[in-house]
Amino acid sequence: MRTQVAIIGAGPSGLLLGQLLAKAGIHAIIVERQTGDHVLSRIRAGILEQVCIDLLDEAGVGERMHKEGLIHRGIELLYNGKRNRIDMETLTGGKKVMVYGQTELTKDLMDARVAADLHTVYGAHGVAVHDFDSAKPRVTYEKDGKSYEIDCDFIAGCDGFHGVCRASVPRRSITEYEKVYPFGWLGLLSDTPPVHDELIYINSPRGFALCSQRSKTRSRYYLQVPLTDKVEEWTDEAFWQELRLRLDEKARDHLVTGQSIEKSIAPLRSFVTEPLRFGRMFLAGDAGHIVPPTGAKGLNLAATDVKYLSHALIEYYTDKSESGINAYSERCLKRIWKGERFSWWFTHLMHRFPNEGTIEAKFQEAELDYLIHSEAGSRMIAENYVGLPLEFGG
Ligand code: RFL
Ligand code: PHB
């Protein structure tokens with residue numbers, strides 16, 4: 001088989017890149033190791049920044065998102081038993097975010113791919129990338145007992161944190177920065193109305209919690225839990241009970257509980273790979289960087305990578321210019337480090353770290369008080385949360 005761009009991974013990064021390339025008349029094949037149903041069963045992101053919304057529109061898949069997505073103009077921070085609102089819209093001169101689940105966005109992209117009759121291989125085993133340091137990269141894989149090879153001009157590594165692309169780069173050519181946090185997030189999805197119409201981020205003596213949502217009838221809640229906890233040990237009842245203990249009184253009264261549709265524990269990690277380009281292979285999204293979910297940045301950083309990569313490849317094929325692909329890594333990393341910084345900082349502000357004394361909790365409370373009561377402090381949170389302008393800082 002031959003294609004212009006071989007995309008590894010059919011998560012949001014790979015599917016969005018495939019759609020943008022197809023719109024520009026560039027041929028791409030996506031190779032994914034899981035089934036489509038498996039990809040859709042992973043419950044992840046919920047918050048889209050404007051950059052992500054605009055890109056989905058550019059890809060021509062924004063229709064359902066605009067119909068069903070919920071616009072959020074603020075978030076609430078709960079500490080010391082009291083809720084405080086950050087008015088993102090006022091503080092940023094009109095910017096907002098949208099609640100639209102990663103599952104829905106992935107489904108829209110999958111449907112668009114089927115409608116346009118674009119080639120996606122699901123259930124590919126033993127995917128391997130070859131010769132990306134030459135002018136003739138190749139991808140090989142097996143499916144249903146048969147071996148396949150794809151010749152291509154470029155490989156896009158959109159295969160997430162555990163993918164094969166980054167792992168195939170010689171160690172001497174890559175630098176990895178990593179921090180693993182000493183706790184995880186236990187998430188629960190349920191068909192119950194959200195406790196509040198905006199998200200509530202909670203710093204409580206019992207640990208962090210987050211009240212999020214997918215729609216007016218579907219809620220997503222998270223609890224900070226020790227890494228040693230197993231999801232099977234958490235009954236729904238135990239989850240709701242622990243959440244109640246971390247909420248303020250009003251939210252506790254409003255909380256509607258119900259059976260979980262999904263429950264899982266996610267570890268928290270900050271991770272960046274430098275660079276993001278290796279000859280004719282590029283890394284995009286979680287394949288190149290991970291943030292702890294506290295700042296809701298992961299999918300949005302992935303979208304910016306895809307924006308820069310799609311534009312660079314389109315420029316290469318239409319104008320025969322390599323300037324976009326040469327600038328790709330540096331351009332992305334500038335934005336990624338700012339998203340990493342915010343996610344790391346917000347995680348530190350809101351979580352209880354094991355082995356830290358009571359003075360740390362007092363520092364957090366004083367900092368939260370400062371941020372809430374200082375317009376500059378509140379604006380810092382707001383402008384990062386809604387997403388810094390593209391090319392911020394030049
Ligand atoms: P994905 O989604 O991991 O997709 C990678 C795909 O590659 C496939 N793959 C392979 N395919 C072929 N061969 C191989 N060897 C392969 N190895 C892997 C995988 O099966 C998979 O289908 O990466 P992508 O596309 O870069 O997307 C990134 C996002 O999924 C991620 O950043 C977000 O979910 C992060 N995130 C959030 N981001 C936000 O912007 N806002 C949020 O509110 C938000 N909340 C979250 C989150 C992530 C969470 N978890 C579970 C880590 C909340 C949570 C709890
Ligand atoms: C979610 O709804 O899954 C979600 C929202 C905001 C975050 C993290 C996760 O910061």
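Among the amino acids, Ala, Val, Leu, Ile, Met, Phe, Trp, Tyr, Cys and Pro count as nonpolar, Asp, Glu, Lys and Arg count as charged, and the others, Gly among them, count as polar. With that sorting in hand, the shell of residues around ligand 1 can be described as 14 nonpolar, eleven polar and seven charged residues. The structure shown here is a predicted model, and the paragraphs below begin at the ligand, go on to the pocket and cavities, and end with some details of the backbone.

There are 32 residues around ligand 1, and those that come nearest are Glu 32, Arg 42, Gln 102, Asp 286 and Leu 299. Two of the helices, α1 (residues 12-23) and α9 (residues 298-319), each supply at least two residues of this shell, and the largest share, three residues, comes from α9. Several polar atoms of the protein can be located beside oxygen atoms of the ligand. A backbone N or O atom of Pro 12 lies 3.2 Å from an oxygen atom of ligand 1, while a polar atom in the side chain of Gln 102 lies 2.7 Å from an oxygen atom of the ligand. For Leu 299 it is a polar backbone atom that is found 2.7 Å from an oxygen atom of ligand 1. Taken alone, the ligand exposes 1,000 Å², and the protein buries 90% of that.

Next come the empty spaces of the protein. The second largest pocket holds about 290 Å³ of space, and of the 14 residues that line this pocket, Thr 103, Glu 104, Leu 189, Arg 214 and Arg 218 lie nearest its centre. Helix α6 (residues 102-115) and strand β17 (residues 260-274) each supply at least two residues of the lining, which by class has five nonpolar, four polar and five charged residues.

How many cavities of 30 Å³ or more does the model have? The count comes to three, and the largest cavity has about 190 Å³ of space. Its lining is made of 20 residues, with Leu 301, Arg 335, Lys 338, Gly 339 and Leu 388 the closest to its centre. The elements that give two or more residues to this lining are α9 and α10, and the largest share, six residues, comes from α10. Sorted by class, the lining of the largest cavity has seven nonpolar, six polar and seven charged residues.

The second largest cavity has a volume of about 60 Å³, and among the residues that line this cavity are Pro 12, Arg 42 and Gln 102, which can also be found in the description of ligand 1, where Arg 42 and Gln 102 come nearest and Pro 12 places a backbone atom 3.2 Å from a ligand oxygen. Helices α2 (residues 36-41) and α6 each supply at least two residues of the lining, with the largest share, three residues, coming from α6.

Helix α10, which spans residues 323-350, contains Ser 343. Because its relative accessibility is 0%, Ser 343 counts as buried. A polar atom of the side chain of Ser 343 lies 2.7 Å from the backbone oxygen of Gly 339. An α-helix has 3.6 residues a turn, so residues three or four places apart point the same way.

Another helix, α12 (residues 375-385), has Gly 377, Ser 378, Ile 381, Ala 382, Asn 384 and Tyr 385 buried. At its N-terminal end, Ser 374 acts as a cap, with a side-chain oxygen 3.2 Å from the backbone nitrogen of Ala 376, and just after the helix, Gly 387 takes a positive phi of about 105°.

The last details concern the backbone in loops. Most residues other than glycine have a negative phi, and most peptide bonds are trans. Asn 80, in the loop between β5 (residues 75-79) and β6 (residues 82-86), has a positive phi near 50°, and Ala 296, in the loop between β20 (residues 289-290) and α9, has a positive phi of about 55°. Are these two residues buried or exposed? Asn 80 counts as exposed because its relative accessibility is 56%, whereas Ala 296 counts as buried because its relative accessibility is 18%. Finally, the peptide bond from Glu 274 to Pro 275 is cis, with omega near -5°, and Pro 275 lies in the loop between β17 and β18 (residues 277-278).

Methods:
Residues numbered from 1 in each chain as written. Chains lettered and ligands numbered in written order. Predicted model: local features only at pLDDT ≥ 70, side-chain atom pairs only at ≥ 80, totals over all residues. Heavy atoms only, no water. Near = heavy atom within 4 Å. Polar contact = N/O pair within 3.5 Å; in protein donor to acceptor, adjacent residues only side chain to side chain. Areas by Shrake-Rupley, 256 points an atom, 1.4 Å probe, with all protein chains shown as cover. Helix = DSSP H or I, 4+ residues; strand = E, 2+ residues; numbered from the N terminus. 1 Å grid on protein atoms, 1.4 Å probe; cavity = no way out; pocket = protein on both sides within 12 Å on 5 of 7 lines; lining within 4 Å. Points joined across faces, edges and corners; volume = space filled by probe spheres on them. Buried < 20%, exposed > 50% of the residue type's maximum accessible area, 1.4 Å probe, protein only.
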